[in-house]
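Visitor: I am new to this structure and should like to understand the terms used to describe it. May I put some questions to you?

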Amino acid sequence: MERDTETVHEAYSFVCLHCGHGWEEEYEIRHTTDLAGHRRADYFARGARVRSPLTLSDCPSCNLGPIRILRPGRVNSTRPYLA
């Protein structure tokens, strides 16, 4: 059973350091405290529950990585890494 829920909205920009693909995503984050005092954060994107964006490790374009997380609005200023 839940005692408290606080909802915040956050956005992140991501760039793949392997292929240079960049994207942004907005999240609804529900911070919940249960009756025992344990806190939990659940992330939602486009209405579906997703894992924390801070744990992303694979690019949706090339399925590789690493992924760099940036402030929102930074995707347009990124450049692909050319080895």
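Visitor: What makes the pairing of the E28 and R30 side chains a salt bridge?

Guide: In this predicted model, the side chains of E28 and R30 meet at 2.7 Å, N to O. A salt bridge requires these atoms to lie within 4 Å, so the pair qualifies.

Visitor: Why is R30 called partly exposed?

Guide: The relative accessibility of R30 is 32%. Partly exposed covers what lies between under 20% and over 50%, so the term applies. E28, at 23% relative accessibility, is therefore partly exposed too.

Visitor: How do you know whether R46 and E25, which meet in a salt bridge, are buried or exposed?

Guide: R46 has 70% relative accessibility, and exposed means over 50%, so R46 is exposed. E25 has a relative accessible area of 17%, and buried means under 20%, so E25 is buried. Their closest approach is 2.5 Å, N to O. The pair links distant parts of the chain, with R46 in the loop between β3 and β4 and E25 in strand β2, 21 residues apart.

Visitor: Why is D42 called buried?

Guide: D42 has a relative accessible area of 7%, which falls under 20%, so D42 is buried. D42 forms a salt bridge with R49, the closest N and O atoms being 2.5 Å apart. R49, with a relative accessible area of 58%, is exposed because that value is over 50%. R40, D42 and R49 are linked in a network of salt bridges.

Key. Residues are numbered from 1 along each chain as its sequence is written. This is a predicted model: local features need pLDDT of at least 70, side-chain atom pairs count only at pLDDT 80 or more; totals for chains, interfaces and linings use all residues. Side-chain values use heavy atoms; hydrogens and water are left out. Helices (H or I, at least four residues) and strands (E, at least two) are DSSP runs, numbered from the N terminus. Buried means under 20% relative accessible area, exposed over 50%, partly exposed in between (1.4 Å probe, protein chains only).
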